[in-house]
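Dear colleague,

I am handing over the structure we spoke about, with the sequence alongside it. Please look through it first, and then read on for what was found in it.

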Amino acid sequence: AAVDLAYIQAVHDVTDSRYPCSKEDCITLAALQAQEKFEDYAGKSPFDEGLADYVPVKYLRGDDATVSELEEDIVKTYAKLKGYSGLEAKLNYLDYVKSWKIYGSAFYFC
């Protein structure tokens, strides 16, 4: 249960831009999130409903071609994760964000 709660919080903090992360970080983390949610890649993009639940909004503000390229990069990385269980994907996601100096910080906005 603790892993699940930490994972949910980490995903929220990444997608809500509370943790500043690079485009490359977002690609890796979105792929791990997809592996946890959808299991092994099935040959087509699982992101029919968009990428808003997987990456910060700042990476979705470009034109359609830019967002499509981002989705392709995520899918390529996701396909490489074949064989990871949902728990392994969660733990890898957490290990990734825990490596950041800012991990665990709390920000209060006025």
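A residue is called buried here if its relative accessible area is under 20%, exposed if that area is over 50%, and partly exposed in between. Tyr78, with a relative accessible area of 2%, is therefore buried, whereas Tyr41, at 29% relative accessibility, counts as partly exposed. Please keep in mind throughout that this is a predicted model.

On the confidence of the prediction, the protein chain averages a pLDDT of 92, and 96% of the residues score at least 70. Among its elements, helix H2 (residues 23–38) has the highest mean pLDDT, at 97, and helix H1 (residues 2–15) the lowest, at 94.

As for the overall fold, the secondary structure comes to four helices and zero strands, so that from the N terminus on the elements run α-α-α-α. The radius of gyration is 14 Å, close to the 13 Å that the globule rule gives for 110 residues, and the chain is therefore as compact as a globular protein of that length. Along its principal axes the C-alpha trace spans about 40 × 35 × 20 Å. Of the 110 residues, 33% count as buried, and among the contacts with a separation of 6 or more, 78% are between residues 24 or more positions apart.

The interior comes next. The largest nonpolar core has 27 residues, and those with the most contacts inside it are Val14, Val55, Ile74 and Tyr93. Each of H1, H2, helix H3 (64–79) and H4 supplies at least two residues of this core, with the largest share, seven residues, coming from H2. Tyr93 itself, not counting residues up to four places away in sequence, touches Tyr7, Ala10, Val11, Val14, Leu29, Leu32 and Gln33.

The aromatic residues deserve a paragraph of their own. The count comes to five aromatic pairs. In one of them, Tyr7 and Tyr93 have ring centres 5.3 Å apart and planes at 75 degrees, and because planes over 60 degrees apart count as edge-to-face, that is how the pair is classed. This pair links distant parts of the chain, since Tyr7 is in helix H1 and Tyr93 in helix H4, 86 residues apart, and both Tyr7 and Tyr93 are buried. The rings of Tyr41 and Tyr78 have their centres 5.6 Å apart and their planes at 80 degrees, so this pair is edge-to-face as well. Tyr41 lies in the loop between H2 and H3 while Tyr78 is in helix H3, and the pair therefore ties together parts that are 37 residues apart in sequence. In addition, ring pairs link Tyr19, Tyr96 and Trp100 into a cluster.

Finally, there is a charged residue that you may wish to look at on screen: is Lys90 buried or exposed? Lys90, whose place is in helix H4 (residues 86–98), has 13% relative accessibility and so counts as buried. Its side chain makes a polar contact with the side chain of Asp4, at 2.4 Å. Leaving aside the neighbours within four places in sequence, Lys90 is in contact with Val3, Asp4, Tyr7 and Glu36. Tyr7 thus appears both among the contacts of Lys90 and in the edge-to-face pair with Tyr93.

With best wishes

Definitions and conventions. Residues are numbered from 1 along each chain as its sequence is written. Side-chain values use heavy atoms; hydrogens and water are left out. Buried means under 20% relative accessible area, exposed over 50%, partly exposed in between (1.4 Å probe, protein chains only). A polar contact is a pair of N or O atoms within 3.5 Å; within protein, one must be able to donate a hydrogen and the other to accept it, and residues adjacent in sequence count only if both atoms are side-chain atoms. Contact means heavy atoms within 4.5 Å. pLDDT is the predictor's confidence in each residue, from 0 to 100. A nonpolar core is a set of buried Ala, Val, Leu, Ile, Met, Phe, Trp, Tyr and Cys residues joined through side-chain atoms within 4.5 Å. Rings of Phe, Tyr and Trp (its six-membered ring) pair if their centres lie within 6.5 Å; planes under 30 degrees apart count as stacked, over 60 as edge-to-face and the rest as tilted. The radius of gyration is taken over C-alpha atoms; the globule rule is 2.2 Å times the number of residues to the power 0.38.
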